[in-house]
Amino acid sequence: MTTAETRTPALPPPAGLWGRLPLPSERVIRGLAIASLVSQIGIIVTGGAVRLTGSGLGCPQWPRCTPESLTATPEMGVHGLVEFGNRTLTFVLVVIAALTFAAVWRTLRSDRPRRDLLVPSVVLLLGIPAQAVIGGMTVWSDLNPWVVMLHFMCSAALVGVATIMVRRSQRPLGVVPPRLDSPWLGRLALITMATAYLVVYLGTIVTGSGPHAGDPDSPRTGFDVASVSQIHAHAVALLVGLTIGLYAAARAVGSPGRLVAATSVLVLVELGQSLVGAVQYILELPEVLVGLHMLGAALLIAAAVDVWLASRRLAVDLPAPAVRSA
């Protein structure tokens, strides 16, 4: 069963620039939300490539690449191109976030407003420039590992927001799914999500203590890699246990299939991450596996947030496609 929002009378179209924008279809809004999630995960991977190729200071200044040039110069070689390429991708994220916000804002003065998407679209729009500034701080600090960790965790937070955006955009217009009648399952899902973020943070400490600093002269945390890796492994074991427990509990109380399915996906991501993490440690952190592990961390966050969302409300079916203005 679903409950529909009370429809408010349609407001007149906005004046000026907003009034000239076409009213986006639900499909367009869902596509922009997915693009936001994919791009947020993508920039984590490309950021990892910057560090793993030793290009973290390929552009030694920020926001300019050098005091004389906004872009990388031929003298900087491949490292300059890699670092500047990652900076350029930030503008792609800004464009996607701006288009998403514009699409959501345009619906607010129509007969099908998407007020549920306004807050996440604003967070993404403002979070990306803030993230870019933190990226500049990593350059100013010569890749201080604690600043690099902050940079990564902010990206992880934006992945979570983009996941919320995707799931909300998939709701049929005007429908708010009822909450699940299992508050304790919701609490367990929230604890599981928080543990996933803890696991990812501990993983950044392992990386900040290891050999892939992004530049040969960049500082490290000074922690023993074996010790912090063991702590990270214990946290992973806790996360896997919580997720399996949540899955079993959801099945036992007959929770809707969406929660069971989301928890199953999270378990699979955790097991894949555990395998990659163990192999990369045994092989002494080869760059390709470290990069794959960073991709897995982003997918882990998205899956954990999705589990939390699934524990809060019932799933609803999308309506049959309708012809809408583009």
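**Close-up views of a predicted model**

**View 1. The disulfide between Cys59 and Cys65.** Cys59 is buried, at a relative accessible area of 0%, where buried means under 20% relative accessible area, exposed over 50% and partly exposed in between (1.4 Å probe, protein chains only). Its partner Cys65 is likewise counted as buried at 0% relative accessibility. The model is predicted, so local features need pLDDT of at least 70 and side-chain atom pairs count only at pLDDT 80 or more, whereas totals for chains, interfaces and linings use all residues. Residues are numbered from 1 along each chain as its sequence is written, and side-chain values use heavy atoms, with hydrogens and water left out. The sulfur atoms of Cys59 and Cys65 lie 1.8 Å apart, which meets the criterion for a disulfide, a pair of cysteine sulfur atoms within 2.5 Å. The link between Cys59 and Cys65 is left-handed, with -70° about the S-S bond, and a search of the whole structure finds one disulfide. Cys154, by contrast, is partly exposed at 22% relative accessibility.

**View 2. Helix α5 and the cap at its N-terminal end.** Helices (H or I, at least four residues) and strands (E, at least two) are DSSP runs numbered from the N terminus; the protein chain has nine helices and two strands. Helix α5 covers residues 145-169, and its 25 residues reach 36 Å from the first C-alpha to the last, close to the expected 36 Å, the expected span being 1.5 Å times one less than the number of residues. Asn144 caps the N-terminal end of α5, with a side-chain oxygen 2.9 Å from the backbone nitrogen of Trp146.

**View 3. The largest nonpolar core, with 58 residues.** A nonpolar core is a set of buried Ala, Val, Leu, Ile, Met, Phe, Trp, Tyr and Cys residues joined through side-chain atoms within 4.5 Å. Phe152, Val159, Val200, Leu300 and Val307 have the most contacts inside this core. Helices α2 (26-52), α3 (77-107), α5, α6 (183-209), α7 (225-252), α8 (257-282) and α9 (287-312) each supply at least two of the core residues, and the largest share, 13 residues, comes from α9. In soluble globular proteins, nonpolar side chains tend to be buried together.

**View 4. Helix α9 and the surroundings of Val307.** Of the 26 residues of α9, 20 are buried, so this helix is largely enclosed by the rest of the structure. The end C-alpha atoms of α9 are 38 Å apart, in agreement with the 38 Å that its residues should span. With neighbours within four places in sequence left aside, Val307 is in contact (heavy atoms within 4.5 Å) with Ala189, Leu246, Leu259, Ala262, Thr263 and Leu266.

**View 5. Leu202 and Thr204 in helix α6.** Leu202 counts as buried at 17% relative accessibility, and Thr204 is buried with a relative accessible area of 9%. Not counting residues up to four places away in sequence, Leu202 touches Ile231, His232 and Ala235, while the C-alpha atoms of Leu202 and Ser229, which are 27 residues apart along the chain, are separated by 8.3 Å. Thr204, with its neighbours within four places in sequence left aside, is instead in contact with Met149, Phe152 and Met153. Phe152 is thus named in two views, here as a contact of Thr204 and above among the core residues with the most contacts.

How values were computed
Polar contact = N/O pair within 3.5 Å; in protein donor to acceptor, adjacent residues only side chain to side chain.
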